[in-house]
Structures are given as C-alpha cells and as structure tokens.
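Here is a short set of exercises to work through with the model open beside you. Try each task before you read its solution.

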Amino acid sequence: MLKQDDADGTRSFADPAFRADVLAGLERRPRAIPARWFYDRRGSELFEHITDLPEYYPTRTEVAILSRIGDDVRARIGEGRAVVEFGSGSSTKTPLLLEAIAPSAYVPIDISGDFLRASSKVLAARFPNLLVLPFEADFMRPLTLPRTIADAPKLGFFPGSTIGNMTPAMATDLLRAMKASLGEGAMLLIGMDRIKDADVLVPAYDDAAGVTAAFNMNLLERINRELDGTVPIDAFRHEARWNDDRARVEMHLTATRDATFDVDKRPFAIAAGESIHTENSHKYGARDARILLRAGGWTPVAEWTDPDGLFAVYLAEA
Ligand code: AVJ
C-alpha cells in the first residue's frame with residue numbers, strides 16, 4: 001500500500017512493522033496498538049504542541065530541573081564521558097545537558113534515521129567542537145556503540161519520562177539492555193514522572209484545547225492513510241483514564257457507536273463503549289523509581305525534583 005503523498009511530495013511504502021502491529025492489535029482483546037506509532041510527521045508536530053500546553057506539566061518541569069542541576073551532574077560524573085541519548089535529541093533538553101557537562105562525544109540513538117540525522121545536524125552546528133555520532137538502532141536491545149567512543153566512560157541520557165510508556169517488566173529489560181550497551185563504569189541520567197492526583201494527571205492527557213485528543217485520533221488517520229483503512233473517525237473519541245492499580249495514565253480510542261471497517265482489506269468490528277488502548281504512561285513515586293532502577297541493574301546516586309514534586313530526574317551508576 002502506498003502512503004499518501006508526504007508534504008515534500010515523495011511517496012513511500014508503509015512500514016511493515018506498523019501494519020503488523022495494527023492488525024495484531026485490532027485482533028487482540030483488549031485491543032491495543034503500541035504508542036510508538038503515534039509519531040509520524042503530524043503526530044510529532046502534535047506532540048511538540050502538547051509539550052507547550054498549560055495542563056501538560058512534564059516537559060517544562062523536567063526542563064526546569066535540568067537547567068538547575070547541570071553543575072551538580074557535571075561534578076558527579078567526572079570528566080571525559082561520552083553522552084549516549086536513547087531517542088533523538090530534543091530541541092531543549094539535549095543542549096542543556098551538553099552545555100552543562102561538555103562531554104567528549106554525543107551519540108544520539110533512534111530507530112527513525114530521518115529524525116536522527118536532522119536533529120544531529122542542528123546539534124553539530126550548535127556545538128562545533130563536539131563529536132556527534134548519530135546511531136540508527138532499536139535501543140530496546142543491547143547495542144555495540146561506535147568504536148570511536150569505545151574507551152570513554154558513558155553517560156546514558158533518557159529524559160522525558162519515555163520509560164513511562166513501558167510496563168515495569170519492559171522497563172526493567174530496557175534498563176538492563178542500556179547497562180549492557182553502555183558498558184563498564186557507565187552512568188545514567190533518567191527522567192521519570194511522579195504519581196500525583198488524578199485531577200492533575202488526567203487533564204495533562206486530556207487538555208481543554210483538544211491537542212492530545214488530536215494526537216490520539218491521528219493514529220486512526222494514519223491507519224487510514226497508510227494501511228488502506230476505512231476507520232470511521234467520527235465513531236471514536238479520545239479518552240484518558242488514570243489506572244490507579246497499575247499507577248498509569250492510559251489513553252484509549254473509545255467507540256461511541258457500533259462500527260465496522262477494513263484495514264489492509266481485513267474486516268474489523270467494534271461495539272459502542274469498547275476501546276483500542278493506545279498508550280500507557282506509568283508514574284513512579286520516589287521509592288518506586290529507585291526500585292525500578294535497582295531492578296534494572298542500576299544504583300541510584302542522586303535525584304532531583306521540582307518544588308512541587310511533580311517530576312524527578314535520577315542519576316544512577318551501573
Ligand atoms: C513522550 C511518552 C513521555 O507519556 O507523557 C503525552 C507522551 N502522550 N501526551 C507521556 C504523551 C500524551 C509522553 N511521553
């Protein structure tokens with residue numbers, strides 16, 4: 001199936017992994033599609049917009065923490081580390097860290113090569129003396145990092161509470177894979193969102209302007225665009241739920257009426273009130289976060305939070 005024309009006029013084939021995840025996810029009960037598929041071009045733009053919303057506190061809170069702790073982090077990690085970022089460098093968080101600790105090299109790792117190359121160019125221009133080595137890979141598995149930085153001790157950087165997208169079991173596996181990839185003497189700087197009242201958490205994922213709703217609904221539009229879908233978008237609504245038992249905000253696409261549709265020529269049906277589970281955003285209390293790090297093979301050595309205790313940044317050693 002051809003994708004609709006991209007904004008730059010090129011056509012490309014839909015990602016076979018996207019097709020497989022969507023088809024399997026719609027067949028499974030409860031229905032669930034992995035959150036990574038939110039981030040096509042439009043989804044990435046909508047996510048950038050989310051980070052500016054008044055209700056969405058995580059990004060601005062983490063940026064405030066990172067801008068305050070630079071000297072402390074630098075003192076604790078020592079000289080000459082290479083920074084390895086899991087996920088492509090974001091426009092504000094990465095420069096903050098690079099400026100504060102002046103690493104020997106910077107290795108952004110991402111599965112999306114296009115995004116990776118674009119953000120690496122911007123960073124290389126901004127830090128002309130920094131060795132920037134973009135690395136296209138799936139960081140969920142242990143990796144062999146570029147030989148150029150083989151001898152430098154590493155600082156892993158995993159901001160944004162991205163680990164919250166994973167179940168604790170998957171998060172533990174990822175932390176262990178990171179430890180294996182980063183090697184002897186590694187350290188890790190990681191952001192995790194804290195547990196707080198549902199009346200703060202739910203609006204952060206269901207904002208008044210409807211941007212998060214558009215972000216969630218874009219997944220259905222992407223299915224229609226890229227997988228020959230006939231999903232009736234108007235038969236679904238965005239839903240954000242706090243699952244207290246599992247300490248996570250869940251996003252769902254909930255059917256408002258019975259509907260039938262095709263994806264990739266296969267027929268599907270959904271009844272009013274049933275949903276497609278599209279994202280988990282796990283939240284960690286202070287002790288929960290330390291236990292998760294230890295379970296993943298890391299020893300916490302320092303932690304910082306904002307005055308309201310909304311978000312936390314942890315430094316850990318292998
Ligand atoms: C990028 C996974 C950290 O869970 O808060 C924001 C994604 N989803 N609003 C989060 C997201 C809806 C975000 N992470």
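A strand here is a DSSP run of E with at least two residues, and strands are numbered from the N terminus. With that in hand, S281 has its place in strand 12. Please keep in mind that this is a predicted model.

**Exercise 1. Describe the overall build of the protein: how many helices and strands does it have, and how compact is it?**

Step 1. Count the elements: the protein has 9 helices and 14 strands.

Step 2. Check the radius of gyration. At 20 Å, it is close to the 20 Å that the globule rule gives for 318 residues, so the protein is as compact as a globular protein of that length.

Step 3. Look at the outline. Along the principal axes, the C-alpha atoms fill a box of roughly 60 × 45 × 30 Å.

Step 4. Turn to the inside. Of the 318 residues, 36% count as buried. Among contacts with a separation of 6 or more, 68% come from residues 24 or more positions apart.

**Exercise 2. Is S281 buried or exposed, and what is it in contact with?**

Step 1. Use the cut-off: a residue is buried if 20 or more other C-beta atoms lie within 10 Å of its own. S281 has 21 such atoms within 10 Å, so it is buried.

Step 2. List the contacts. Leaving aside neighbours within four places in sequence, S281 touches G164, N165, Y205, R248 and V249.

Step 3. Compare sequence with space for one pair: S281 and D234 are 47 residues apart in sequence, and their C-alpha atoms are 25 Å apart.

Step 4. Look for the ligand. S281 is one of the residues that surround it, and the others include G164, N165 and Y205. By class, this shell has 3 nonpolar, 7 polar and 1 charged residues.

**Exercise 3. Work out the open sheet that holds strand 12: what is its strand order, and which strands are at the edges?**

Step 1. Read the order: the open sheet has 4 strands in the order 1-12-9-8, with mixed pairing.

Step 2. Find the edges. Strand 1 (31-32) and strand 8 (236-243) each pair on one side only.

Step 3. Follow one pairing. Strand 8 and strand 9 (residues 248-255) run antiparallel and are joined by 8 bridges. H238, for example, has L253 in strand 9 as its bridge partner.

Step 4. Add the helix: helix 8 (residues 211-226) lies across strand 8, strand 9 and strand 12, at about 115° to strand 8.

**Exercise 4. Trace the pairings from strand 2 to strand 13: which run parallel and which antiparallel?**

Step 1. Strand 2 (residues 82-86) pairs with strand 6 in the parallel sense over 4 bridges, and A82 stands opposite K154.

Step 2. Pause at strand 6 (residues 154-158): 5 of its 5 residues are buried, so it is largely enclosed by the rest of the structure. K154, G156 and F158 point one way, while L155 and F157 point the other.

Step 3. Strand 6 and strand 7 are also parallel, over 4 bridges, with F158 partnered by I190.

Step 4. Strand 7 (residues 187-193) and strand 14 are antiparallel over 7 bridges, and G191 stands opposite V313. In strand 14 (residues 311-317), 6 of the 7 residues are buried.

Step 5. Strand 13 (residues 299-305) and strand 14 are antiparallel over 6 bridges, including the pair E303 and Y314. These two strands form a hairpin with 5 residues between them, and G309 in the turn has a positive phi of about 65°.

Note on methods:
Residues numbered from 1 in each chain as written. Predicted model: local features only at pLDDT ≥ 70, side-chain atom pairs only at ≥ 80, totals over all residues. Near = placed C-beta within 6 Å. Nonpolar A, V, L, I, M, F, W, Y, C, P; charged D, E, K, R; others polar. Pairing = 2+ DSSP bridges. Contact = placed C-beta atoms within 7 Å. Axes fitted to C-alpha atoms, helices over the stretch in contact; angles between N-to-C directions. Buried ≥ 20, exposed ≤ 12 C-beta atoms within 10 Å, placed from the backbone. Rg over C-alpha atoms; globule rule 2.2 N^0.38 Å.
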